[in-house]
Amino acid sequence: MDRECVSLLPRVCEVLRGSGSSLPDDTSLEKLLDWFTGLTEAGGSVQETCPCLLEFISAVVLQTSSDPGVICFTLKLSGLIAATEDGFKTLQGSVLDMAFNPQHWRDAGLWEDPCIRIGWIQGLRNMLQHSKAFTFFVQADFLVPLLQLQTDSSLFVASAANQTLAHTLIFFQPGCDGTFKDHGKVKRTQTSITDVEPSSQDYSAVLGTISQFLKESLLPKENTRLHQSQQILKLLALLLARARQPLRDKLLGTVADSLEELVAAGYSQLTLPLMDIILAAYSSSTDDCVPDQRVTRLLSSMLNITKPSDLIGAAAAFLRGGRHHQDTVHTARAVRILLLPLHIITGQTLLGTDTTGEEHHFSIAEQLKIKTSCISMICVCLTHTPPITLMPRDSLPCPPVSIITAVLSLLRIVSGDSSSLSSGCSEVFRNLVGSGKVQKCALEVLTGLSSSPGMKDKLTEVVTVLIQYLNNPDSDPTVIHKSYQALLKWMSVCEGVSLLTEKLKQDLIDVVKKRACDMRWEVRDSTVEFLGKLAGVLKQGEETCDALLGGCWSTPLLREALQDPESYVRASAIAALAQTLEHSWHQGAAVTQEQTDVVTRLLEILSQDTEGFARRAVVQYFIAWFSSRSSHTSPLSCPSSSSSSSSSSSFLRMNSVSSVLSLGSADLDWEVKVHTLELAELLMDEACSGHRGYRKGSETPPALRHPYAGISDQTLGEGVESDVAGALSNLVEQGVVSALLSGLVDCDRPVGLKACQLLITLRETVCPRPPLDAPPATATVAKVSCELPGCGWGREVRKIPGMKRFDRVKEADIAHRTRCAEVGTEVASEGGDSVCVGVCDMLRSLGLDEKLDILSQSSDHVHNSALSLLQDILTASAAHTQQDAEPGQEVIVDCY
């Protein structure tokens, strides 16, 4: 432990003991407890390292006037110390007896404060890590108040009590052979196995009391106490999920009758908690070949509830629980229950000739006539149809294709097409038509059904329905967005739209053109996003969106969207253009006027757009463009100019890159700057990836070599040296080096970190460390230079200590210019007070390795620490005292 922290801790304890009102923020005590917990888990002894804590605990327990938050913290800390046997012995006696005696806090009038009850519960849980603590728990009769807190009025208290009671039973549960095992992970100092084995008599007594409590508390005495039954059911589910034999069998044997009574009582609020218990019991019986008959009987009862909404909820919970792999009988029943509402509404034959489940037909049909329950039930059923279609055929009452047909019929019904409605369901039709909730749910489900067996046969029908939704003037933006998503998914799994008729293709084109001009920006955004993703989907078959859907129509739409008044739409249009035009970027393709116009417009957006979304998208566009071409460009060389088309494309590419790097590195948005560095990284990869010393991307830079180490693998031959020098010159001319230097001194840490990593990579590639008897850099590479401007990032770079000598050279140059001016001699000064420096010399002077160490640390590596926390508490205490002396003064503290 840090000595300074230890020295400050007594003063902090004194402050906390006096009052908790001067804490810097309401999480300070939790952070302090986390620190102590970390020390304990690391094997340290808190009471030995910080003896002042023992006095602090004793004082707070006796001095009940302390702040409730401080008392809560003290109870948790007491339990943490007592979690080890040594700590337990240290606190054993009056301190533990008084701290965990509920009557002590009742007498002080504090037990009604939930904060105190939470501290008591969690302190107990912290402590119950060994047999001595368990014995103390039993002898002090703490089980009674812990059971009372299971149904506390505070949900936080009740939940904590549930967790602690479950921990008590599970932690010390006996093994299959009847012996007791200590499952704790806290380091202890036991000397024999008997020290970690609780008394079997004590454990049996605890188990008997808890089991009886569960049995009696499960059945509510009146409807107003249903929430208490819910809490007990949660506790039981928690226990069954983690219990092993014989504990699980004991618990089930005790509560089985009460659970059956609850099922028969038909409390709707208890349906899902009861299913949680059944699923927990199933999960804990994975070692058995056959599920427990009591659990199976409960499940059969749950899947035969008379109330339709509860019945469907139970069936859905069973399928979500994933037990259908083991229990095919109940799985088949649950599937039929969930398909029944869809069967009733659409008239599709989903249940076959089997009459199982028909007894619920009338009750569910009647429930569907009530609007709220109709929408709720149909959405639950819809959500489970995709996994149902993927089940084994013997679990399904109909082919998966029939389920897809039913979902499509439902979508038509909701849009107002009554022709798909089964006879006698006019009331249901009124409940469903125009329901946005059902539309969105059904469209999501339709997307999921794209992986169902036999779905290719339904492609034409699916696309027809989706085009109708896209064309419907009443469809809201979310419905349109989900329609596009479903369309893309079905096209992707069907490998394009080659199966579609020409009419359907034209209908799709027409509706997309219409939605691209929608008055709602959300719809326009979804439309341009769809066009980009569609190009990606169709690219899988080497087809393009324009070519397959009938002529060049999508790109003009996207170019028009670049002028959209909404920045989200502009950003989506830029991303979509990158995907749509990707086919025109391959090596050797002649540059088109359209591509030139797009690049010009994107540069305008990067320099003029007021929203960061669009500017980020522009840089990402160029990243995608350069990525698609970098694999065709020879490393350590300029782009090929073997053909006029390649030359013109390369010219456009190289002509725009400098502008992108210059504008992007000067942007106010840090994400734009990071993307700009990603583009610079891509250009570095393209230029240097053929060199043996180059590490592609911003990987961890190679460790610094010993000055006397050989560098045979880094020695540059004459030809390679020339190539490296040429590549470095290209990077300087393109503006890559300037962008990296600008990023190095940026105020945003992610920008500076990435720039530093890339500069180190560049340094290790183009100017590796030479042997001691060699010149600093090979002659050709050493001649490559770059210009540091006299303002902005150039000035900040020149402030770096290692760069001072370049300023001295500049000072001499300025003095020379001044003398020339005095005698009337003209001196050209294109760069103002800029200075030209050798790139290799500069890279070695920037102190990049030290800079990387600093940037690699998180921004809160100093402030978010134990020492800072202790100092904040003391500072806040002093400030609070001064504030009491001089009213009206506000103290601002550092809250992290």
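Which side chains, those of D597 and which other residue, meet in a salt bridge (3.7 Å, N to O)? The partner of D597 is R559. A salt bridge is here a side-chain nitrogen of Lys or Arg within 4 Å of a carboxyl oxygen of Asp or Glu. This pair links distant parts of the chain, 38 residues apart, with D597 in helix 33 (residues 593-608) and R559 in helix 31 (residues 554-561). Helices (H or I, at least four residues) and strands (E, at least two) are DSSP runs, numbered from the N terminus. D597 is partly exposed, with a relative accessible area of 30%, and R559 is also partly exposed, at 31%. Buried means under 20% relative accessible area, exposed over 50%, and partly exposed in between (1.4 Å probe, protein chains only).

The structure is a predicted model, in which local features need pLDDT of at least 70 and side-chain atom pairs count only at pLDDT 80 or more, while totals for chains, interfaces and linings use all residues. Residues are numbered from 1 along each chain as its sequence is written, and side-chain values use heavy atoms, with hydrogens and water left out.

The secondary structure of the chain consists of 45 helices and two strands. Of the 896 residues in the chain, 52% are buried. Contacts (heavy atoms within 4.5 Å) were also sorted by sequence separation. Among those in the chain with a separation of 6 or more, 73% are between residues 24 or more positions apart.

The search for salt bridges covered the whole structure and found 30. Side chains of opposite charge can pair when their charged atoms come close. One of the pairs is E461 with R412, whose closest N and O atoms are 3.2 Å apart. E461 lies in helix 26 (residues 459-471) and R412 in helix 23 (residues 400-414), so the salt bridge ties together parts that are 49 residues apart in sequence. E461 is partly exposed, with a relative accessible area of 22%, whereas R412 is buried, at 17%. A further pair is formed by K505 and E502, with the closest N and O atoms 3.4 Å apart. K505 and E502 are separated by about one helical turn because they are three residues apart in helix 28 (residues 502-515). K505 is buried, with a relative accessible area of 9%, but E502 is exposed, at 59%. In addition, E366, K369 and E427 are linked in a network of salt bridges.

The next feature is the nonpolar core, defined as a set of buried Ala, Val, Leu, Ile, Met, Phe, Trp, Tyr and Cys residues joined through side-chain atoms within 4.5 Å. In soluble globular proteins, nonpolar side chains tend to be buried together. The largest nonpolar core has 272 residues, of which Y621, F622 and L846 touch the most other members. Helix 36 (residues 670-688) gives the most to this core, with 10 residues. When residues up to four places away in sequence are not counted, Y621 touches I574, L577, A578, L581, W585, V598 and L602.

Helix 36 also holds E681. This residue counts as buried because its relative accessibility is 12%. The side chain of E681 makes a polar contact with the side chain of K754 (2.9 Å). A polar contact is a pair of N or O atoms within 3.5 Å; within protein, one must be able to donate a hydrogen and the other to accept it, and residues adjacent in sequence count only if both atoms are side-chain atoms.

Two loop residues were examined. C767 is found in the loop between helix 39 (749-766) and helix 40 (779-782), and is buried, with a relative accessible area of 4%. Leaving aside residues up to four places away in sequence, C767 touches L762, C840, L843 and R844. The C-alpha atoms of C767 and A725 are separated by 9.8 Å, the two residues being 42 residues apart along the chain. S154 lies in the loop between helix 11 (143-148) and helix 12 (155-171). At 15% relative accessibility, S154 counts as buried. S154 touches P114 and R117, again not counting residues up to four places away in sequence.
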